[in-house]
There are 4 protein chains.
Amino acid sequence: MDSYCESAKAKIREACNAPDAEVFFLVGGTQTNATVIDALLKSYQGVIAADTGHISVHEAGAIEFGGHKVLTLPHHNGKISASQIEVLLNAYQNDANHDHMVMPGMVYLSHPTEYGTLYSREELSEISSLCRANQIPLYLDGARLAYALACPQNDLTLTDIAALCDVFYIGGTKCGALFGEAVVIPDVGTIPHFFTIIKQHGALLAKGRLLGIQFDELFTDHLYERIGIPAIQAADRIRQILSQNGYALCFDSPTNQVFCVIENARMERLAEEVEFGFWEKYDDSHTIIRFATSWAARMEDVEMLGKVLE
Amino acid sequence: MDSYCESAKAKIREACNAPDAEVFFLVGGTQTNATVIDALLKSYQGVIAADTGHISVHEAGAIEFGGHKVLTLPHHNGKISASQIEVLLNAYQNDANHDHMVMPGMVYLSHPTEYGTLYSREELSEISSLCRANQIPLYLDGARLAYALACPQNDLTLTDIAALCDVFYIGGTKCGALFGEAVVIPDVGTIPHFFTIIKQHGALLAKGRLLGIQFDELFTDHLYERIGIPAIQAADRIRQILSQNGYALCFDSPTNQVFCVIENARMERLAEEVEFGFWEKYDDSHTIIRFATSWAARMEDVEMLGKVLE
Amino acid sequence: MDSYCESAKAKIREACNAPDAEVFFLVGGTQTNATVIDALLKSYQGVIAADTGHISVHEAGAIEFGGHKVLTLPHHNGKISASQIEVLLNAYQNDANHDHMVMPGMVYLSHPTEYGTLYSREELSEISSLCRANQIPLYLDGARLAYALACPQNDLTLTDIAALCDVFYIGGTKCGALFGEAVVIPDVGTIPHFFTIIKQHGALLAKGRLLGIQFDELFTDHLYERIGIPAIQAADRIRQILSQNGYALCFDSPTNQVFCVIENARMERLAEEVEFGFWEKYDDSHTIIRFATSWAARMEDVEMLGKVLE
Amino acid sequence: MDSYCESAKAKIREACNAPDAEVFFLVGGTQTNATVIDALLKSYQGVIAADTGHISVHEAGAIEFGGHKVLTLPHHNGKISASQIEVLLNAYQNDANHDHMVMPGMVYLSHPTEYGTLYSREELSEISSLCRANQIPLYLDGARLAYALACPQNDLTLTDIAALCDVFYIGGTKCGALFGEAVVIPDVGTIPHFFTIIKQHGALLAKGRLLGIQFDELFTDHLYERIGIPAIQAADRIRQILSQNGYALCFDSPTNQVFCVIENARMERLAEEVEFGFWEKYDDSHTIIRFATSWAARMEDVEMLGKVLE
């Protein structure tokens, strides 16, 4: 309602080429996902997502808390495809007992994914067409969206996303803001009474201008589309260093998340000098670890990491 | 509260060799599963189940409606094993982010399973020991329990089940009753205020004696342990006929559910003469179908089916 | 799906003069209320009801379990009025903070009420007009509807109710059936996918024909509209006896529920000979008790009660 | 986890004289109430609160979204008493049908209340004793707690509150912070796995240090206990001005909220010059309005308001 929020919303609408879009500011990602998904689904519907999707694994059951099942599909490098979704929708429609099953009611994607990978414009277009043909909304979780926009391999602009998705959010928390996510609803009326739903979910920030100020700044002179560049440069350099030193990269991520396989004893020594994420067990003697760079990454720190990794 | 219910409860306690057990009568299976699982779990916990479990697929999201995630494990012939559960529990414990994940809070099994298969006493004992070591309750869905008890391959008695499970239900609806399921809680106090929880779930039958009368009859002279015999005999004969006629049996079910692969054109002709269940697509030209026999199966009907299947 | 259900549905449509009505059979009243109310409300809406309504007090929080608030209005003899509802709706609309409040999304009435009282056709018409003007559905709980239809003071026919309400249910459990309630939705499409919602709520009876058989019988030759007559005659006679013996009647109920004030010592003596309901404390030395007669009431039993009450 | 949070927690424990207390930082009030209440209640329990309580009216059904009923008691100047709670608990216990009712599972108070009034130490002690005798937790919503602590009429210290309540929160959002509430649990183990419950409710702030920094500052040199003083002084002066000018004060609030009755035409003129809250209709020609002062109130602004009110 305040002038900061109004200014930020106007800039976001312009950046997305979505002049009528409704924009709402929420505090965090899990809260945003839980609120949007609960708002888009009927009580008897579930949300289609990759089995590696954030809502499937790391939101402590926030979607189920709202009464909805996550209908998972096996991921490929963190992504799901239009054809997978189509198979699921057809299987539901053709199952003689589908009245006893959870109806698929929307699709959830993350871009970049939890594996740092990207949907291409073609892939997202196919999913969008399928969703529209089946009249189910498409929702894109952009928690790390700035790192997609800053990535040379990405061909999905904000304008594309606004044209192809029914709802999406532009991540602030992981992309330069102290906190905050901007939910964009390109077509007015897609979610009636969303304000009350936000309040019901305990997701309303009393002093909304704190969010407006941050997004107003992030969308001044297209900062948001550039802010991830240092992160991508740092990640690319880490990937180069890892390859040169014989580490196997995983998941083919081109964004700010770098995954590699490391021998366990080496991992333990590394942990004494560097902070990284334990991702998953690879085999009995190896582990997949993750390095995540940010908008604030400095090349000198990356080079120091390089020395440790040698 | 009435004398029919009291008599039925006494007989069930005796049949289960569980003199202190609490027994509650509910109307149907989905309702029973949703009510028991919601009662056993904390708000932040989920239930471990086979991905083919009834609660995972065919209860229209009744578990999620209560706010809980179903944590699925891949089935083997409809079953899950103690070692699979152990891997899941350890993965949860060892995940550095497990505070962001749904805590596994109980185990759900069905016996017979949705594929007609049976847990052995050894398998159930292993699962029970694991659950007790981890202090999570074990719940067994006995919707078709009579067909296990009547099956020569079954080595799990009601007494075993009562000793190994924290809660289980004895199915009436599919086992000779018009409707009704008997929830057995061997140790008093496992679920405080279960009556109110039943009411809250809309699962209380006003005239409870209707359930008491049926279970009193089913547990007179151990009828429940014998009532499934005609179903098993009929199913065995169907399996024999199918094998003799070159159909491939599936899932190795020894109980009243018979699964086989059939060529699609033949399936369509069969459908004109016999009622069977479409189970799932096998390949582009074949389908898996299901025959389910009941306590009321008659051998002459089976022989007529045999002629049709030739 | 079976022929009994189809026949029962046809008879109910005819009795209600609602040829297009959808009819669903559920097992019990709390389950029916929870399922219908959850189906009619958006996730952020609540249901308006009398503070004495069954859903407000005696359903163990089944409505809140579905995520919805009961927005209570003070009753008058168990009823609420169109003007009360209008005040609530206006207060909500005019509250500057109404985005922070639960939106009133439907109206729940019971007829007869929990106090045995009846809405007149004029009262129900006013409420119906108000609801339609505000585009919120009107739902009538007819758990004891047969006792309204059999009551000379009642001027609301099944046809009136079908014309004025968006959804209502015809009670079986308390009106001659062993169990069962028939939900009537006069306009097709009022509740999409209601079948799945019923399943999700654990409210689907596997052998639905058990319900069909009972309602088919209850609606043969308009039995349902007559079955309550003995109950009303018995209740009228009890009211006469009470008045003649100096008891103060309460709540002005003309149906099968009779309420009176009784001195506590006398109540205790009475309890040794007759079964009645303790309703509420009247003052330190008096209590309000309830006698409920049924379709099976016999006049000779009433006369015996009369002797005890002298 | 970070050093700011650790420091803030240590200072809060000291200020509350609760050396073992668990302290959690959440973002906003509705979120905090919904999360704590859901954590304290069993699935079949409800929360006792004043009918004017924030959770009863202005949280958009967030408590019901978690599946719980708010069991309201009529307020007296925004407060409820131990004797009212006792009557409710006894009525529940003595109701023959209480198994069909929502079990009262905790008590919710706000201090200051939504009407700006205060519980005395005696009143809170009585409520606390009653709760402990009945083994139900007592939770205090301190959204505006700083304005109680700064008020001469208040005799409840942080130490008292920590000794008398099972859980309470120290409000930041309305008391000098940009956002944030500090949940205090004096006895470790009162809420197992509260972290996961916070995450499940979407209430976890990714960069928790933002909350830690603010509370660390607010609890340096007992700032929190003094920060409300300018607000109280300003409110006292407004009350004086209003009385001198013939306005009737309402609700007897001694804190930073001032309520008075104003003639409607005058209210409209006032609205052109001053921002105030429309509270509720008083009669057809009068309205109750609210002035809320803050820690940042300046006396010169109050005097300007005084001129407008003359």
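What follows is a working chat about a predicted model.

User: Starting with chain D and chain B, how many residues does each put into the contact?

Analyst: Chain D gives 16 residues and chain B gives 16 residues.

User: And how much area do chain D and chain B bury between them?

Analyst: About 1500 Å², with 56% of it on carbon and sulfur atoms. On the chain D side, the residues that lose the most area to chain B are D:Tyr44, D:Asp99 and D:Thr196, which together make up 35% of what that side buries.

User: How many salt bridges does the rule find across that interface?

Analyst: The rule finds 0 salt bridges between chain D and chain B.

User: What about residue pairs in polar contact, how many there?

Analyst: The count is 4 residue pairs between chain D and chain B, with both residues at pLDDT 80 or more.

User: Which element of chain D gives the largest share of the side that touches chain B?

Analyst: Helix α9 of chain D, residues 194-200, which supplies 5 residues. By class, the side of chain D touching chain B holds 7 nonpolar, 6 polar and 3 charged residues.

User: Switching to the sheet in chain B. What is the strand order?

Analyst: The order is β8-β9-β11-β10, an open sheet of 4 strands in chain B with antiparallel pairing.

User: Which strands stand at the edges?

Analyst: In chain B, β8 (248-249) and β10 (277-283) do. Each has a single partner strand, so one side of each is left without a neighbour in the sheet.

User: Over how many bridges do β10(B) and β11 pair?

Analyst: β10(B) pairs with strand β11 of chain B (residues 286-292) over 5 bridges, in the antiparallel sense. One of the bridge partners is B:Thr287 in β11(B), which is matched with B:Lys281.

User: What does helix α12 of chain B touch in the sheet?

Analyst: Helix α12 of chain B (residues 229-244) packs on the sheet and touches β8, β9 (257-263) and β11 of chain B. The direction of helix α12 makes about 20° with that of β9(B).

User: And where does helix α13 of chain B lie?

Analyst: Helix α13 (residues 264-271) lies across β9, β10 and β11 of chain B. Helix α13 runs at about 125° to β9(B).

User: Back to salt bridges: what is the count over all chains?

Analyst: The rule gives 36 salt bridges over all chains. Among them is A:Lys79 with A:Glu123, at 2.9 Å from N to O.

User: Where in chain A do A:Lys79 and A:Glu123 sit?

Analyst: A:Lys79 is in the loop between β3 (70-73) and α5 (82-94) of chain A, and A:Glu123 is in helix α6 (residues 121-133) of chain A. The pair links distant parts of the chain, 44 residues apart.

Note on methods:
Residues numbered from 1 in each chain as written. Chains lettered and ligands numbered in written order. Predicted model: local features only at pLDDT ≥ 70, side-chain atom pairs only at ≥ 80, totals over all residues. Heavy atoms only, no water. Contact = heavy atoms within 4.5 Å. Buried area = accessible area lost by both parts, 1.4 Å probe. Salt bridge = Lys/Arg side-chain N within 4 Å of Asp/Glu carboxyl O. Polar contact = N/O pair within 3.5 Å; in protein donor to acceptor, adjacent residues only side chain to side chain. Helix = DSSP H or I, 4+ residues; strand = E, 2+ residues; numbered from the N terminus. Nonpolar A, V, L, I, M, F, W, Y, C, P; charged D, E, K, R; others polar. Pairing = 2+ DSSP bridges. Axes fitted to C-alpha atoms, helices over the stretch in contact; angles between N-to-C directions.
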